[in-house]
Amino acid sequence: MRRSGRLTPSQRRALDELWPTYGIDFKPQILNFDSVFSRAAPRILEIGFGNGDTLVQQAGEDPSRDFLGIEVHDPGIGHCLIAAQKAAITNLRLIAHDAIEVLESQIPSASIHRINVYFPDPWPKKRHHKRRIIQPPFLDLCADRLEPRGSLRIATDWADYAGHIIEVLAQSDRFTCIEQREHDGDKPLDRPMTKFERRGLHHGHRIWDWRFDRIR
Ligand SMILES: C[S@@+](CC[C@H](N)C(=O)[O-])C[C@H]1O[C@@H](n2cnc3c(N)ncnc32)[C@H](O)[C@@H]1O
């Protein structure tokens with residue numbers, strides 16, 4: 001699952017030198033967040049953070065919360081590490097592994113205040129739709145790891161994926177839709193603009209944002 005891609009020399013250096021500060025190695029063992037972050041605070045999990053600019057911005061703007069990012073693309077992880085160090089961020093940790101395995105084996109039940117899944121891979125070809133991360137078993141896993149009234153935020157710029165998200169969430173008895181927005185990048189729901197959102201807008205796509213709260 002880990003995607004090595006082409007690393008710049010500074011990204012490679014960041015992976016070597018900054019990983020001990022910000023990284024959590026994947027291990028099939030439940031984490032103790034109070035000891036990971038050396039405090040008790042609400043925890044925000046971002047799945048597939050890309051280059052991490054949005055994640056670092058959110059962590060910088062909200063020092064009272066702890067942020068955990070999961071990503072498999074090494075150049076993005078390197079970019080995020082550099083941005084986190086530049087901004088002197090202390091409330092952020094990263095895991096470089098498949099998000100589903102991390103949720104299954106490292107994240108305690110009812111431990112997360114909010115999960116962000118911003119612009120997940122759309123897998124536009126019909127025969128690849130089953131690879132989309134937003135599926136019923138993924139939603140059950142997220143519901144279990146969220147606090148009882150925790151929330152799941154999703155955004156996409158793919159009309160067809162938006163239809164899929166509306167359908168699978170409507171079938172879930174674990175979440176209720178608190179807010180849905182369709183816009184042109186001008187009304188993001190409680191989040192900064194992301195790199196893939198900018199790319200989608202450039203291609204003339206509309207943007208969908210949701211907040212779903214856990215109800216069970
Ligand atoms: C379309 S990009 C969006 C990146 C970023 N959220 C943004 O909006 O700019 C989707 C990201 O999810 C990551 N990703 C895909 N599947 C993943 C998985 N199973 N676990 C962790 N990250 C994943 C990809 O590597 C990619 O960086």
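**Ligand shell, a helix crossing and Met193**

Of the residues in the shell around the ligand, 11 are nonpolar, five polar and six charged; here Ala, Val, Leu, Ile, Met, Phe, Trp, Tyr, Cys and Pro count as nonpolar, Asp, Glu, Lys and Arg as charged, and the others, Gly among them, as polar. Please note that this is a predicted model, in which local features need pLDDT of at least 70 and side-chain atom pairs count only at pLDDT 80 or more, while totals for chains, interfaces and linings use all residues. Residues are numbered from 1 along each chain as its sequence is written.

The ligand is surrounded by 22 residues, each with its C-beta atom, placed from the backbone, within 6 Å of the ligand. The closest are Gly48, Gly50, Ala99, Phe119 and Thr194. Two or more residues of this shell come from each of helix H6 (99-105) and helix H9 (195-202), and H9 gives the most, with three. Helices (H or I, at least four residues) and strands (E, at least two) are DSSP runs, numbered from the N terminus.

I turn to a pair of helices. The axes of H1 (residues 9-17) and H5 (residues 74-86) come within 8 Å and cross at roughly 75°; axes are lines fitted to C-alpha atoms, for helices over the stretch in contact, with angles from 0 to 180 degrees between N-to-C directions. H1 and H5 are therefore roughly perpendicular, a term for angles of 65 to 115 degrees.

Finally, Met193 lies in the loop between strand E6 (175-183) and H9. Because Met193 has 17 C-beta neighbours inside 10 Å, it counts as partly exposed, that is, between buried (20 or more) and exposed (12 or fewer), with C-beta atoms placed from the backbone.

Technical notes:
Angles under 35 degrees count as roughly parallel, over 145 as roughly antiparallel, 65 to 115 as roughly perpendicular and the rest as oblique.
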